[in-house]
Amino acid sequence: MSPWWVRHSPVVLAVRGAALALAVAGLGHTLWHGVHEPGHALAFGMLITIGELARWGAQPGEREPAPLGAAGALAYALLGRSGGEPTSHGVLQVIAVLLTAQLVASVPHIARGSGPGPDQVARRILSVAFAAVCFQPLYNSGRSASWFGDGPYYAAFLLVLLGLTALCDAVLGALLLRARTLPRSLRAAGLTPVPYGPLLRDELRALRGIGSAVCATGTVMALGVAVAGLWALPVLCVPLLLTQVSFRRFAAVRTTYRQTIASLARSTEIAGYTPHGHARRVAVLCTAVGREMGLSGPELTVLEYAALMHDIGQLSLVDPVPAGATATLPATEQRRIALLGGAVVRQTGVDTEVAVVVEQQADPYREQPLSARIVRAVNAYDDLCGEGIGGPLGALEQLRLGTGRDYQPQVVESLARVLARGGLTPVPPG
């Protein structure tokens, strides 16, 4: 196995290195000079620890599994007064308290083999450090008081800082995600990572959900403690905890919903109409192509569900299509199967948009929505790979020959780029 500094990209190493340098500086400074306002440090440290422990039970893919910890850390970074009295902790103590709380909270997570990875910890440290660097020097020098006072302008100032912090966090998240999609060893072989633009758009869209709640709660905590002291913390953290519980329940329902759709999609495989793993392979590739083309989160969800259920209409056939390859059928037969599939999807209670994509997947691409164009091209690619027409490269060549009428050229080229990042190999079955 190659050394860790070869397996990771320069971006990941730079982010981790910067976070480590800040962590060492924060702990060293705090140990050398002592803790200012230990009661405040303990209260916010406990709040962050409780928030980090709330990662327990997080659903897969949850963007912010510890919103209370994030809000508490941001509130401490933006804390200027407590109960009307000025505070004196600085940037480095904020980092030290955050790191200590995360280390304490990580013990039970590590014991059960879970918890945040090093990239998540580094991202949190850098984002909170950004907020503290923007606020603490201005407050301690008295400039924030002279510029914004203590009224609504001060609250607006905190909101702007948190907005900039959220933007910084989104940029970091997209950079790390892009770096993780392709290690340095594969990049050296000539493969390219996922484009940065779609990843950043996904991170920015996520800010409208739990990100907004974290920023708002962080602001309210900082303002509440400034007036009422530390007693404001337990009162102000309750709404975010309730929001987190509600979101977890919603995420659990959504996961069950997706599992139900995936099980229904497998009915064509169980009945022998399509090859094993075909629906899953098409769904994985469709999602990757959709992200490549800049589809939003809800659009990607519709695309994934439609890709999983795109062959459901084959259950109406008396004789199965050989190898389930509908791409090789006449256009009229493809449309008939697609319409039957759309009718089945409508009966299942799945979102109507999914049924529309399934119904229109066999139409000429100029008459299709983008999601249907992606499903049509990716399904044809997987069918052609199964036919053994020159492997992945031969299948792509067949798609390119059909771009005059059947497949949108931009979709085919996006599919080619997605496959190139994986070495032009189809998604493995299963």
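Two residues are in contact when heavy atoms of theirs lie within 4.5 Å. By that rule, among contacts in this chain between residues at least 6 apart in sequence, 73% join residues at least 24 apart. The model is predicted.

## The chain as a whole

The chain has 430 residues, and 47% of them count as buried. Its secondary structure comes to 19 helices and two strands.

## Cores and an enclosed helix

The largest nonpolar core holds 54 residues. Within this core, L78 and F135 touch the most other members. Several helices build it: α2 (10-33), α3 (38-53), α4, α5 (91-111), α6 (118-140), α8 (152-181), α10 (196-228) and α11 (232-265) each supply at least two residues. Another core lies apart from this one. That other core has 43 residues, among them L308, V358, V375 and L396.

What does F135 touch, not counting residues up to four places away in sequence? The list runs A77, L78, L79, G80, Y154, F157, L158 and L161.

Helix α4 covers residues 67-77. Why is α4 described as largely enclosed by the rest of the structure? Because 11 of its 11 residues are buried. Buried here means under 20% relative accessible area. Among the buried residues of α4 are P67, L74, Y76 and A77. A77 is also one of the residues that F135 touches.

## Five buried loop residues

The table lists five residues, each placed in a loop.

| Residue | Loop | Relative accessible area |
|---|---|---|
| T87 | between β2 (85-86) and α5 | 7% |
| I312 | between α14 (297-308) and α15 (331-348) | 3% |
| G313 | between α14 and α15 | 1% |
| Q368 | between α16 (352-360) and α17 (370-387) | 5% |
| Y407 | between α18 (391-401) and α19 (409-421) | 11% |

T87 counts as buried because its relative accessibility is 7%, and the cut-off is under 20%. Its side chain reaches two backbone oxygens. The oxygen of G80 is at 2.8 Å. The oxygen of L79 is at 3.4 Å. Leaving aside neighbours within four places in sequence, T87 is in contact with E37, L79, G80, R81, S82, Y139 and N140. L79 and G80 are also among the residues touched by F135.

Q368 is buried too, with 5% relative accessibility. A polar atom of its side chain lies 2.5 Å from the backbone oxygen of Q360. Which residues does Q368 contact, leaving aside its neighbours within four places in sequence? They are Q360, Q361, A362, D363, R373 and R376.

R376 is also a contact of Y407. Neighbours within four places in sequence aside, Y407 is in contact with Y365, R376, A377, A380, L399, G402 and V412. The C-alpha atoms of Y407 and V378 are separated by 9.7 Å. Along the chain, Y407 and V378 are 29 residues apart.

## Where the loop after α14 meets α15

I312 is found in the loop between α14 and α15. At 3% relative accessible area, I312 is buried. I312 and G341 are 29 residues apart in sequence. In space, C-alpha to C-alpha, I312 and G341 are 5.1 Å apart. Leaving aside neighbours within four places in sequence, I312 is in contact with L264, S267, T268, G341, V344 and V345.

G313 is in the loop between α14 and α15 as well. It is buried, with a relative accessible area of 1%. G313 touches I337, L340 and G341, not counting residues up to four places away in sequence. G341 is thus on the contact list of I312 and on that of G313. G313 and R336 are 23 residues apart in sequence and 8.4 Å apart in space, C-alpha to C-alpha.

## The cavity

Rolling a probe the size of a water molecule over the atoms shows where empty space is left. How many cavities of 30 Å³ or more does a search of the whole structure find? The search finds one. About 40 Å³ of space lies in the largest cavity.

Which residues line the largest cavity? They are A265, T268, T274, A279, A307, L308, H310, D311 and I312. This lining divides into five nonpolar, three polar and one charged residue. Two lining residues appear elsewhere in this report. L308 belongs to the core of 43 residues. I312 is in contact with T268, and T268 also lines the cavity.

Conventions: Residues numbered from 1 in each chain as written. Predicted model: local features only at pLDDT ≥ 70, side-chain atom pairs only at ≥ 80, totals over all residues. Heavy atoms only, no water. Helix = DSSP H or I, 4+ residues; strand = E, 2+ residues; numbered from the N terminus. Buried < 20%, exposed > 50% of the residue type's maximum accessible area, 1.4 Å probe, protein only. Polar contact = N/O pair within 3.5 Å; in protein donor to acceptor, adjacent residues only side chain to side chain. 1 Å grid on protein atoms, 1.4 Å probe; cavity = no way out; pocket = protein on both sides within 12 Å on 5 of 7 lines; lining within 4 Å. Points joined across faces, edges and corners; volume = space filled by probe spheres on them. Nonpolar A, V, L, I, M, F, W, Y, C, P; charged D, E, K, R; others polar. Core = buried A, V, L, I, M, F, W, Y, C linked by side-chain atoms within 4.5 Å.
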